[in-house]
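Biologist: I should like to understand why the parts of this model bear the names they do. Please set each name against its definition.

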Amino acid sequence: MVALTLARSALSLTPYMSKPPGMSVLLLFFTTLGFSFGFVTPLAQDHRYNVGDHVSLFVNKVGPLNNPSETYHYYDLPFCRPDQVIRRKASLGEVLNGDCLTNALYELKFREDKIGETLCQKKLKGDEVAKFRNAVSNDFYFQMYYDDLPLWGFIGKVEDENWTVNENGPKYYLFKHVQFDALYNGNQIIEIRAFSDPNHVVDITEDVDISVKFTYSILWKETSTQFENRMDKYSRASLFPTHQQIRWFSFINSFVIIVLLMGLLTMIFMRHLKNDLRKFSGGDEEEDKEVGWKYIHGDVFRYPPCMSLFCAVLGTGTQLLIQAAFLFVLALLGVLYPYNRGALCTSLVVTYTLTSVVAGYTASSFYNQFVETGWKRSVLLSGTLYLGPLFVMVSILNAVAVSYGATAALPFGTIVVILLIYTFVTIPLLGLGGVIGYRLRSEFQAPCATKRCPREIPPLAWYRKTPGQMFLGGLLPFSAIILELHHLYASLWGYKIWTLPGILFIMFIILVLLTAMLSIGLTYVQLSVEDHEWWWRSLLRGGSTAIFMFGHCIYFYARSRMSGFMQFSFYFGYNACICYAVFLMLGTISFRASLMFVRLIYHAVKSE
């Protein structure tokens with residue numbers, strides 16, 4: 001998502017911050033996706049100009065400072081507009097991101113200074129003044145793009161009654177002059193900033209017709225920064241030394257705590273397990289009775305109820321895990337960088353579509369290890385388990401955006417494109433994965449034979465039941481990532497840019513390892529009290545970290561300045577989808593780790 005930091009100083013705004021489709025359909029699809037990436041990727045040869053060359057400035061959107069999801073088209077406010085408003089062709093990712101680049105009257109020629117250039121002389125009616133005043137009162141900013149570089153500025157300012165003399169109530173002022181400062185290196189543009197001049201304002205406190213002369217200036221200066229490094233400015237803005245030290249400290253602190261915790265769990269766990277195996281191999285009946293998990297060897301590998309749903313969770317979780325790995329690779333390679341318009345949204349669509357074959361294969365192959373028929377249902381569930389709730393949520397949020405007239409509303413054509421991608425690419429790849437999983441099926445190799453009738457489970461203490469284990473299994477991993485998670489939320493829903501994907505990747509690896517370790521330990525505790533129903537429980541306690549994440553979402557929203565129904569619905573709606581995806585991923589990891597452990601200890605018992 002787009003994130004920026006807006007500084008009030010000097011009244012400027014600066015970024016911190018069924019049947020497989022034919023080959024022709026596939027070729028068209030991948031060509032379109034390739035164009036989506038190429039459309040927003042800056043290439044040096046496409047950004048060279050001669051002195052006096054016209055470089056288009058595109059206006060994008062406006063919105064309240066504290067509500068990042070609530071953005072509107074630039075010309076929804078009565079700014080100076082050209083006779084013919086032309087929207088720049090947008091990629092799929094840009095549309096999903098709410099970007100809408102449109103031509104403007106600004107004439108910013110390469111390396112040509114302009115002072116006090118008139119943009120237009122506009123007579124604002126009473127209702128137009130009211131629109132501007134409402135925007136100023138809500139701290140509206142505008143966003144533009146010049147040579148694919150983003151720039152921002154405030155629309156106006158509010159002077160409280162404490163600052164005025166003999167006046168009742170605050171005064172609202174509209175900025176009528178924009179100062180552009182541009183930097184160049186040779187024949188390439190390196191940087192541009194916009195400043196709203198507080199000395200050129202017009203009073204819009206009253207709903208009266210006024211005449212406003214909008215002007216702008218631009219000054220060019222040379223810099224030694226290379227074109228390849230021009231986007232570093234946006235990354236460095238959120239890496240002030242104090243913030244960077246805090247983030248490294250939180251990372252090292254979390255890492256040390258996790259290493260100590262994992263070492264402690266490993267030591268305790270291995271000591272008890274070795275004692276159990278030694279007691280069992282010794283043949284002493286009195287000591288043998290203490291080894292509770294040995295007695296349920298005939299039940300521990302009995303597949304769980306709702307097997308189709310269980311396999312669908314594994315398939316979807318594996319798909320999302322691989323998708324996350326792809327996104328990390330793209331971020332580390334520099335494909336996903338700040339203000340690469342729509343790249344993240346495009347990457348999400350492409351990677352989810354291509355990895356759907358993984359979901360089909362995983363669900364089908366695991367299901368066919370236990371049951372010979374009915375695998376198609378598990379494949380179908382894996383295709384709708386995440387996309388179904390996501391589609392419902394996006395439909396609700398899209399209806400909200402349409403009612404507000406916001407840029408987040410998806411056009412009908414984009415909805416059709418997404419449905420076509422799902423119908424002609426995602427579903428066939430999902431089915432292909434299911435067929436491959438069925439063809440390559442194998443029987444589940446359990447170290448111990450499964451009894452016909454399940455063993456009765458003895459009464460359990462409250463902390464050994466599912467809610468208690470979910471609490472422990474979710475709290476510890478969440479406590480290890482909470483500081484970095486807060487930085488991530490500030491990037492998604494605030495005005496800070498996440499600039500260290502390497503740290504985020506390491507924290508994700510630590511989260512995966514800790515989830516697996518806790519799952520193994522809690523599974524051992526569960527089996528020790530002769531509770532053999534560990535399949536679903538291992539999945540639920542692994543995914544319970546997502547529940548704590550959603551709780552942190554509530555805390556983050558309460559501490560922020562976000563307001564309004566639209567921002568509320570978008571914030572909690574999309575966070576619910578993100579947390580649901582994390583639940584499926586970590587639940588899959590937790591079960592896979594527990595399954596590997598259970599196989600290992602019962603194979604050791606069989607060998608003894």
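The dialogue below takes up a disulfide, two sheets and a cavity.

Modeller: Please note that this is a predicted model, in which local features need pLDDT of at least 70 and side-chain atom pairs count only at pLDDT 80 or more, while totals for chains, interfaces and linings use all residues. Residues are numbered from 1 along each chain as its sequence is written, and side-chain values use heavy atoms, with hydrogens and water left out.

Biologist: Why is the link of C80 and C120 called a disulfide?

Modeller: A disulfide is a pair of cysteine sulfur atoms within 2.5 Å. The sulfur atoms of C80 and C120 are 1.7 Å apart, so the pair meets the definition. A search of the whole structure finds 1 disulfide. The link is left-handed, with -55 degrees about the S-S bond. C80 lies in the loop between strand 2 (72–73) and helix 2 (92–96), and C120 lies in strand 4, 40 residues apart; the pair thus links distant parts of the chain.

Biologist: What makes a run of residues a strand or a helix?

Modeller: Both are DSSP runs numbered from the N terminus: helices are H or I with at least four residues, and strands are E with at least two.

Biologist: How do you know that strand 4 and strand 12 pair?

Modeller: Two strands pair if DSSP finds at least two bridges between them. Strand 4 and strand 12 are joined by 8 bridges, so they pair, and they run antiparallel. One bridge partner of this kind is I218 in strand 12, opposite K114. Both strands belong to an open sheet of 4 strands, in the order 4-12-9-10, with mixed pairing.

Biologist: Why are strand 4 (114–124) and strand 10 (188–196) called edge strands?

Modeller: Each of them pairs on one side only. From one strand to the next, the twist averages 20 degrees.

Biologist: What makes strand 8 and strand 11 a pair?

Modeller: Strand 8 (residues 171–175) and strand 11 share 3 bridges in the antiparallel sense, and the definition is therefore met. Y173 stands opposite D203 in strand 11. These strands lie in an open sheet of 3 strands, ordered 7-8-11, with antiparallel pairing.

Biologist: Why is an enclosed space called a cavity?

Modeller: On a 1 Å grid over the protein atoms alone, a cavity is a set of points where a 1.4 Å probe fits but cannot get out; lining residues have an atom within 4 Å of a point. The largest cavity holds about 160 Å³ of space, the volume being the space filled by probe spheres set on the points, which are joined across faces, edges and corners. Of its 18 lining residues, the closest to the centre are Y74, F79, Y106, V178 and F214. Strand 5 (140–146), strand 9 (177–185) and strand 12 (210–222) each give two or more residues to the lining.

Key
1 Å grid on protein atoms, 1.4 Å probe; cavity = no way out; pocket = protein on both sides within 12 Å on 5 of 7 lines; lining within 4 Å. Axes fitted to C-alpha atoms, helices over the stretch in contact; angles between N-to-C directions.
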